[in-house]
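Here is a structure to talk through together, one label at a time. For each term, let's ask what earns it.

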Amino acid sequence: MKLALFSLVLVILHKLQARLYHFRGDIDPYDKKYGYFSERDRLETLDSVRKTFTFGYDSYMKYAYPSDELNPIYCEGRGPDYENPSNININDVLGDYMLTLVDTLDTLAIMGNVTEFKRAVQLIIDNLSFDKPTTVQVFEVTIRILGSLLSTHLIITDREQPFGDLMPKDYNDELLGLANDIASRLLPAFENTATGIPFPRVKLDQGVPEDCVNETCTSGAGSLVLEFGVLSRLTGDPIYESYARRAVKRLWEYRSNITGLLGNVINIQTGQWKGQMSGLGAGLDSFYEYLLKAYILFGENEDYKMFKEMYDSIKFHMRRGRLKCNKGDGNPPIYVNVNMKTGETLNHWIDSLQAAWTAVQVLNGDIDEAICSHALYYSIWKKYGVLPERYNWYLRAPDVNFYPLRPELIESTYFLYQATKNPFYLHVGRDILNNLNNYTQAECGYATIHDVNDKTQEDRMESFFLSETCKYLYLLFDKDNHLNKAESRYLFNTEGHVFPIDERFRRKPWEEEEEKAPQSSSTVLSVVNVKKNSSFSNCETVSDEQRFFMPMKSPYYQQMKSAVGIGD
Ligand code: DMJ
C-alpha cells in the first residue's frame with residue numbers, strides 16, 4: 001500500500017515537473033509555444049469549429065439543397081455538368097443525389113445535432129432516388145454515398161444510442177435499403193472486365209457506359225472493401241464483398257515482383273500498368289489504408305499480411321532522409337514518388353492527399369514516423385496558410401496551386417493527438433481552423449482556394465468539407481465525444497464515415513461454419529485494442545517527453561521548416 005502511494009506521488013511529481021517546465025525562463029521556445037493548451041482555449045475552439053460547420057451546412061441547406069454541392073460565392077446549388085459529360089472533375093462526384101446532405105449525415109450525429117439529424121434523414125428517406133442518368137465514379141459513390149448511408153444506418157440502429165436519441169420516427173431500415181440500391185447500381189462495373197478489376201464509372205440507371213475507358217487508378221478500384229464488406233455482412237449477400245475483394249487480389253497479383261510496389265493506373269482488361277508511378281498520394285492512397293482498415297474491421301489475416309508487406313516495401317523504396325525522425329543526422333524524412341519497377345525517384349512533388357498517410361502510420365503504431373510525416377505537411381501548410389494540391393520539395397514551391405478544402409492534414413492531426421495527447425496538435429488544429437476561416441470563408445459557405453499563393457477563391461465547396469474536414473476538427477477538440485472515449489471502437493472510412501468495430505462484422509452470415517468457429521477474433525481484437533496493446537503507442541504508453549514537449553524535437557522541427565523555406 002505504502003509503495004503504491006509512494007509511486008503515485010512520484011508519478012504526480014514527475015508530471016508536475018513536466019508541466020512546470022513550461023513556466024521556467026530557460027525553456028525551449030517551441031516547448032513554450034506548443035507545450036500547453038488551456039481548457040478555455042479548447043472550449044473556445046470547439047465552439048468556433050461548430051460555428052464553421054453550421055455556417056457551411058446551413059448555407060448548403062438554404063441555397064443549394066437538393067443539389068449536390070453548394071457554390072459558396074454565388075450562393076447557389078451545383079449539380080452534374082450535363083452539358084459537358086467529359087468534365088469528370090465535376091461529374092465523377094456529382095450524380096444528382098443530394099451529395100452534400102448524404103455525406104454530412106454522420107457529422108450531424110457526431111456533433112449531437114439530434115433535431116437536424118432526424119430532419120435530414122427524413123428528407124433523404126422521402127426524396128432520394130438513385131434512378132438517374134448520371135455517370136459517376138464507382139469509388140466516389142462508394143466512399144461518400146454508400147459509406148455515409150451505412151454509417152448512418154448503423155448509428156441509428158445502435159441500441160445504446162451513444163450520440164443521443166437519433167432514431168427517426170418509424171424507421172424501417174430505409175437507409176440500408178438505399179445503400180443496397182446504390183451498391184447494386186455499381187455492380188455492373190465488376191462485370192465484363194477480364195481481370196475482375198472494375199470499370200471506373202457507371203451510369204446509375206444503365207450500368208457501364210459504352211464509351212467507358214478500360215483504365216482505372218489503383219485506389220479507385222482497390223478501396224471498396226470496407227463499404228462493400230459492411231453491406232454484405234449486414235444483408236447476408238456476399239456478392240458485394242466478393243467483388244471488392246477480387247479486385248484487391250488482382251491488383252495485388254500485378255504488383256512488381258522486384259519492388260513489391262503497385263503503379264497508379266492499370267488496364268482492367270489486360271492487367272498492364274498504364275501508370276508506373278508508385279507513391280502515397282492520389283491514385284494509391286486509400287488502397288493501402290483499406291488493407292489495414294479491412295483487417296481491423298473484418299479480422300482477416302490475409303488483409304494484414306498484404307498491408308504489412310506493402311508497408312515494408314513502401315518504407316524501403318519510397319522513404320528518403322535520415323533513418324529516425326527524432327534521432328541522428330541527415331535530411332528530414334520524406335516519402336517520394338518512385339518508379340514501381342525500380343524504386344528510383346520519379347519526380348519531385350508530393351501531393352496533399354498523401355498527408356493522410358500519417359493517420360495510417362498512427363493506426364499501424366508507427367508513431368515516430370507519423371510525427372515526422374505530419375511535421376512536413378504542417379510546415380507546408382504554415383508556409384501558405386493552406387495546402388497546395390502538389391508541392392515540389394526540390395523547388396520548394398507548389399506544382400499545382402489549388403486547395404479544395406481537403407481534410408487529410410486535419411485527419412492526421414486528430415489521429416496523432418489521440419495517439420499522443422500532445423497539446424502541440426491542438427495548436428495545429430486551431431491554426432488550421434483560423435486559416436480556414438480567414439482564407440476560405442465566402443459569402444455563404446467555404447470556398448476552394450484557387451491559388452495558394454494569393455488565396456484567390458473558386459466557387460466550389462466539396463462535400464468532404466462538412467463530412468471530413470469539419471468532423472475531424474470537431475473531434476480533435478471535443479474531448480468528451482463518444483468516439484473519443486477509451487472504450488469506443490470505431491473505424492473511419494476514407495471519407496470520414498464511422499463504422500463500429502463490432503463482432504457482427506467478423507462473421508460472414510453466408511458461411512455457416514465460420515459462425516460456429518469464429519475466426520481468430522482474439523488476434524484481431526489485440527490489434528484493434530489500441531489502448532491495451534503495447535505495440536501500439538497511445539496516451540498511456542507515450543512518455544511524458546512525447547506528451548508535453550515538442551513531438552518532433554525542436555532542432556529537427558526547425559530543420560523541417562527550413563527545408564520547406566519558412567522561418568518561425
Ligand atoms: C475524400 O473524398 C476522401 O478523403 C478521399 O479518400 C480522398 N479525397 C477526398 C478528400 O480530399
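Q: What makes the approach of T494 to the ligand a polar contact?
A: In this predicted model, a backbone N or O atom of T494 lies 2.7 Å from an oxygen atom of the ligand. The cut-off for a pair of N or O atoms is 3.5 Å, so the pair qualifies.

Q: How do you know that R406 and E468 make polar contacts with the ligand through their side chains?
A: For R406, a polar side-chain atom is 2.7 Å from a ligand oxygen atom. For E468, a polar side-chain atom sits 2.8 Å from an oxygen atom of the ligand. Both values fall within 3.5 Å, so both pairs count.

Q: How much of the ligand does the protein bury?
A: Taken alone, the ligand exposes 290 Å², and the protein buries 93% of that.

Q: Which elements give two or more residues to the shell around the ligand?
A: They are helix 7 (138-156) and helix 18 (464-477).

Q: What makes a residue part of the ligand's surroundings, and which ones are they?
A: One of its heavy atoms has to lie within 4 Å of the ligand. The residues around the ligand are I143, R144, L353, R406, P407, E408, F464, E468, T494 and E495. By class, this shell holds 4 nonpolar, 1 polar and 5 charged residues. R406 and E468 are among the shell residues, and Arg and Glu are classed as charged, so these two belong to the charged group.

Q: Why is the link between C75 and C444 called a disulfide?
A: The S to S distance is 2.2 Å. Two cysteine sulfur atoms within 2.5 Å count as a disulfide, so C75 and C444 meet the rule. By this rule the count comes to 2 disulfides.

Q: Why is the link of C75 and C444 described by its hand, and what does it tie together?
A: The angle about the S-S bond is -120°, and the link is left-handed. C75 is in the loop between strand 1 (69-71) and strand 2 (76-78), while C444 is in the loop between strand 15 (441-442) and strand 16 (445-446), so the pair ties together parts 369 residues apart in sequence.

Q: How do you know that strand 5 and strand 6 are paired?
A: Pairing needs at least two bridges, and strand 5 and strand 6 (residues 265-267) have 3 in the antiparallel sense, so they pair. E215, for example, has N267 in strand 6 as its bridge partner.

Q: What makes strand 5 and strand 7 edge strands?
A: The open sheet has 3 strands in the order 5-6-7, with antiparallel pairing. Strand 5 (215-217) and strand 7 (273-275) each have a single partner strand, so one side of each is without a neighbour in the sheet. Neighbouring strands here are turned by 35° against each other on average, direction ignored.

Q: Where are the edges of the open sheet with the order 12-13-14?
A: This sheet has 3 strands and antiparallel pairing. Strand 12 (349-351) and strand 14 (397-400) are at its edges, because each has a single partner strand. The twist averages 35° from one strand to the next.

Q: How do you know that strand 13 and strand 14 pair?
A: There are 3 bridges between strand 13 (residues 390-392) and strand 14, which run antiparallel. At least two are required, so the pair passes. The bridge partner of Y391 in strand 14 is P398.

Methods: Residues are numbered from 1 along each chain as its sequence is written. This is a predicted model: local features need pLDDT of at least 70, side-chain atom pairs count only at pLDDT 80 or more; totals for chains, interfaces and linings use all residues. Side-chain values use heavy atoms; hydrogens and water are left out. Helices (H or I, at least four residues) and strands (E, at least two) are DSSP runs, numbered from the N terminus. Axes are lines fitted to C-alpha atoms, for helices over the stretch in contact, and angles run from 0 to 180 degrees between N-to-C directions. A polar contact is a pair of N or O atoms within 3.5 Å; within protein, one must be able to donate a hydrogen and the other to accept it, and residues adjacent in sequence count only if both atoms are side-chain atoms. Accessible areas come from the Shrake-Rupley method with a 1.4 Å probe; for residues, only the protein chains shown count as cover.
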